[in-house]
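Hi everyone, thanks for coming. I'd like to walk you through one protein today, so let me put it on the screen.

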Amino acid sequence: MDLPVMPPVKPMLAKSVAKIPPGMHYEAKWDGFRAIVFRDGDEVELGSRTTKPLTRYFPELVAALKERLPGRCVLDGEIVIAREGRLDFDALTERIHPADSRVRMLAEKTPSSFVAFDLLALAHQSLLDVPLADRRALLVMALSGVTAPVHVAPATTDIDVAREWFEQYEGAGLDGVIAKPLTLRYLQDERAMFKVKHERTADVVVAGYRLHKSGPVVGSLLLGLYDDGGALQHVGVSAAFSMARRAELVEELEPLRMDDVAGHPWAAWAEEAAHETARLPGAPSRWSGKKDLSWVPLRPERVCEVAYDHMENGLRFRHTARFRRWRPDRTPESCTYAQLEEPVRYDLAEIFAPQA
């Protein structure tokens, strides 16, 4: 492979803002695996956000990209999987598997797509120093007439349209809106773009915590919600605390600390079989590797309010939830899935429909 922009490339990133900023280029924020695609003739490589190769996990996409992309190019975009008109992040994570046979089986069962939103190189020219508006025009031209499973991300410079997308597209599993200055050069690994994500709040039960890697202070709170059957399900963690606050939390939670996990709703976490069905804390995963996932059980008696942006299959928080406040006025039993707001469904196919 010999391209004007060679791997590894660290993607340009976005910083969070509360409102959609005016006077910019707008796109939907896709909920998938960020990927840099390098194509040089018969060679295609997929690089992840961390520059690790993704190529072997998406054989069907490599074949599609080889058929549909210009002979020499470098693209920035997102690998996604859709089911029933909605993005399915769980199906995407299943691909990161060591067994080639399983990867190929899933490639047939749940084929992936690639949504291109930036062009870093074309033919023999690097476009890293070209303004975004010009890169976008070249991207649209280079992928003119491209067919599924390769797509060009819809874009607009109309802030009112961007606001409509923010409200509508969540129903198809998208995360929010990305805003990019029209004169922006491609700045690797810099937060030069802006993202506006959906945020909601929920009252959750604090049922344990993990220690911080630096010492005997709280690293993350383990959060739960009660399902329709009355079982407390592990739904995620809250972890963004100052070091002083982490130490304070240990003292605050000490009266709830259990010497033995017996009797705790998540006592079964030690049984490996339970990890596959209940998604309990302490479960090893493809992402955690050898990371210490031991935890301190607490009597599930204290409630806090957290902010979250997205749910995975309506079961757990996609990303780390943000602690807002304690809720002494709420009982643990009142913290159920019923409080969670569901976005109005929106068909993903409508997003890729020809723009008027």
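Let me start with a question: with which side chain does the side chain of Arg-327 make a polar contact? The partner is Asp-203, and the distance between the two side chains in that contact is 3.2 Å. Before I say more, please keep in mind that this is a predicted model.

Let's stay with Arg-327 for a moment. You'll find Arg-327 in the loop that runs between β20, residues 322-326, and α8, residues 348-351. Is Arg-327 buried or exposed? Its relative accessibility is 14%, and buried means under 20%, so Arg-327 counts as buried. If we set aside the neighbours within four places in sequence, Arg-327 is in contact with Val-303, Cys-304 and Glu-305, as well as with Asp-203.

Now let's zoom out to the whole protein. The secondary structure comes to 20 strands and eight helices. Along the principal axes, the C-alpha atoms fill a box of roughly 65 × 45 × 40 Å. How does the radius of gyration fit with a compact globule, and what value does the protein have? For 356 residues, such a globule would have a radius of gyration near 21 Å, and the protein has 22 Å, so the two agree.

A few more overall numbers for you. Of the 356 residues, 53% count as buried. Take the contacts between residues at least 6 apart in sequence: 73% of them join residues at least 24 apart. The exposed area is about 17,100 Å², and carbon and sulfur atoms supply 51% of that. As for charge, there are 52 negative and 46 positive side chains, and the centres of the two sets lie 3 Å apart.

Next, the backbone, and some spots you may want to look at on screen. Which peptide bonds here are cis? One is the bond from Pro-7 to Pro-8, with omega near 5°. Pro-8 lies in the segment before β1, which covers 13-16. Another is the bond from Ala-148 to Pro-149, where omega is near 15°. Pro-149 is in the loop between α4 (132-142) and β10 (150-152).

While we have Pro-7 in view, let me bring in Pro-53. Those two residues are 46 residues apart along the chain, and their C-alpha atoms are separated by 9.7 Å. Pro-53 is in the loop between β4 (43-48) and α1 (59-68). With a relative accessible area of 61%, Pro-53 is exposed.

Finally, positive phi values. Glu-84 has phi near 50°, which is a positive value in a residue other than glycine. Glu-84 belongs to the loop between β6 (82-83) and β7 (86-87), and at 77% relative accessibility Glu-84 counts as exposed. Asp-189 is also a residue other than glycine with a positive phi, near 60°. You can find Asp-189 in the loop between β12 (176-180) and β13 (191-197). How exposed is Asp-189, and what is its relative accessibility? The value is 42%, so Asp-189 counts as partly exposed.

To go back to where we began: Arg-327 is buried, and its side chain makes a polar contact with the side chain of Asp-203. Thanks for listening, and I'm happy to rotate the view for anyone who wants another look.

Note on methods:
Residues are numbered from 1 along each chain as its sequence is written. This is a predicted model: local features need pLDDT of at least 70, side-chain atom pairs count only at pLDDT 80 or more; totals for chains, interfaces and linings use all residues. Side-chain values use heavy atoms; hydrogens and water are left out. Helices (H or I, at least four residues) and strands (E, at least two) are DSSP runs, numbered from the N terminus. The radius of gyration is taken over C-alpha atoms; the globule rule is 2.2 Å times the number of residues to the power 0.38. Buried means under 20% relative accessible area, exposed over 50%, partly exposed in between (1.4 Å probe, protein chains only). Contact means heavy atoms within 4.5 Å. Accessible areas come from the Shrake-Rupley method with a 1.4 Å probe; for residues, only the protein chains shown count as cover. Lys and Arg count as positive and Asp and Glu as negative; His and the chain ends are not counted. The place of a charge is taken as NZ of Lys, CZ of Arg, CG of Asp or CD of Glu. A polar contact is a pair of N or O atoms within 3.5 Å; within protein, one must be able to donate a hydrogen and the other to accept it, and residues adjacent in sequence count only if both atoms are side-chain atoms.
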